[in-house]
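Here are a few exercises to work through with the model open on your screen. Try each task before you read its solution.

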Amino acid sequence: MREFLGIRRETVFSPGKVEADRAILEGVATILRGRGHVARVASAEAALPRPTRRTLVFTMSQGEPALATLRDWEADGINVVNSVDAILGCQRHRLLDHLERADVRVPDTVRLSLGNTESPATWPAWLDSDGAWIKRGDVHATHPDDVAFVRGVHAAADAATRLRARGIASAVLQRHVEGPVVKFYGVRDRFFSCFSASGVPYHVAAEITAELRVTAERASQAIGLEIYGGDFVVTMTGGVQVIDVNDWPSFGPCRVDGAEAIAARLEALSLRNDP
């Protein structure tokens, strides 16, 4: 018998997906209990019960207070999945560096500093020709305006101004790439599945499927994620580019299989807690 503590994601970081996020975490805990383990679940929005060093913590939290607590636990030798560094590594202003070092292809991207009123000296030419997505640079979307399609300098500048007015200090401007968007879900060494943006299974040629999996695994390993998801775009020429990588998504289209794989991975990782 082993001990596990699951931590639910803060409501603000689950816009429209509070129940879906809760379902995958509770599903994993239920499977672990069914295998004879002790598995508690707590909310990141409440005072977190300090676990013993033999407890494996699995968390969906993203807020600063909870992550600070988890950082202290890690320093005391408690195994946290995903790690705090991996969770923070998914924030866009850090994510790009990880993906670039891992040689993962992403759409052309410009980093924007919103700490002042200055715009880039030169906006990219593709802003007019292809349009772009402007995205807040820290956490993932919590507000409808956190990710917006823009075309042209004026639209981009207006979107940046709106983010700045909400106290957001950084953003990225990412070139729009034509092609189907594919959502992926993965568990290190255990599970990988792709779905179209509409939530149906994504069926493509075997070589593209293989490229999707290799790309997702390379990206997740560069960040240090055990449980992950994100979005690809399959370009009109058949290439794959990563749009986003997330720590522990809701696994909505594949929750049952995803929860089984997560529980198995957590069991394997809990062996590291043995003396």
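## Exercise 1: the pocket linings

This is a predicted model, and we start with its largest pocket, whose lining residues divide into 16 nonpolar, 11 polar and 11 charged.

**Task.** Work out how many residues line the largest pocket, which of them lie nearest its centre, and which strands supply at least two residues of the lining.

**Solution.**
- Start with the space itself: the largest pocket holds about 840 Å³.
- Next, go round the wall. There are 38 lining residues, and R92, K183, D231, D244 and N246 lie nearest the centre.
- Now sort by strand. Strand 6 (132-136), strand 8 (170-175), strand 9, strand 11 and strand 12 each supply at least two residues of the lining.

**Task.** Do likewise for the second largest pocket: which element gives the most to its lining?

**Solution.**
- The space here comes to about 220 Å³.
- Its lining is made of 13 residues, with Q62, E64, L88, Q91 and V139 nearest the centre.
- Helix 2 (64-75), helix 3 (84-89) and helix 4 (92-101) are the elements that give two or more residues.
- Helix 2 gives the most, with three residues.
- By residue class, the lining splits into five nonpolar, four polar and four charged.

## Exercise 2: the sheet with strand 6

**Task.** Find the strand order of the open sheet that contains strand 6, and name its edge strands.

**Solution.**
- Trace the pairing across: the order is 5-8-6-7, and the pairing is antiparallel.
- Look for strands that pair on one side only, and you land on strand 5 (109-113) and strand 7 as the edges.
- Ignoring direction, neighbouring strands of this sheet are turned by 25° against each other on average.
- Zoom in on strand 6 and strand 8: five bridges join this antiparallel pair. I134 has L173 in strand 8 as its bridge partner.
- Then add the helices. Helix 4 packs on the sheet and touches strand 5, strand 6, strand 7 and strand 8, with its direction at about 145° to that of strand 5.
- Helix 6 (residues 153-165) lies across strand 6, strand 7 and strand 8, and runs at about 10° to strand 6.

**Task.** Classify the aromatic pair of W133 and F149, and say what it ties together.

**Solution.**
- For context, the model has eight aromatic pairs.
- In this one, the ring centres of W133 and F149 are 5.3 Å apart, with 65° between the planes.
- An angle over 60 degrees counts as edge-to-face, and that is the class of the W133 and F149 pair.
- W133 sits in strand 6 and F149 in strand 7 (residues 147-150), so the pair ties together parts 16 residues apart in sequence.

## Exercise 3: the sheet with strand 11

**Task.** Which strand order does the open sheet with strand 11 have, and what packs on this sheet?

**Solution.**
- Four strands make up this open sheet, ordered 10-9-11-12 with antiparallel pairing.
- Its edges are strand 10 (191-196) and strand 12 (240-247), each pairing on one side only.
- The twist from one strand to the next averages 20°.
- Strand 11 (residues 227-234) and strand 12 run antiparallel and are joined by seven bridges. Along them, V233 stands opposite Q241 in strand 12.
- Helix 7 (residues 206-223) is what packs on the sheet, touching strand 9 (181-187), strand 10, strand 11 and strand 12. The direction of helix 7 makes about 130° with that of strand 11.

Key
Residues are numbered from 1 along each chain as its sequence is written. This is a predicted model: local features need pLDDT of at least 70, side-chain atom pairs count only at pLDDT 80 or more; totals for chains, interfaces and linings use all residues. Side-chain values use heavy atoms; hydrogens and water are left out. Two strands pair if DSSP finds at least two bridges between them. Axes are lines fitted to C-alpha atoms, for helices over the stretch in contact, and angles run from 0 to 180 degrees between N-to-C directions. Contact means heavy atoms within 4.5 Å. On a 1 Å grid over the protein atoms alone, a cavity is a set of points where a 1.4 Å probe fits but cannot get out, and a pocket is an open set with protein on both sides within 12 Å along at least five of seven lines; lining residues have an atom within 4 Å of a point. Grid points are joined across faces, edges and corners, and a volume is the space filled by probe spheres set on the points. Ala, Val, Leu, Ile, Met, Phe, Trp, Tyr, Cys and Pro count as nonpolar, Asp, Glu, Lys and Arg as charged, and the others, Gly among them, as polar. Rings of Phe, Tyr and Trp (its six-membered ring) pair if their centres lie within 6.5 Å; planes under 30 degrees apart count as stacked, over 60 as edge-to-face and the rest as tilted.
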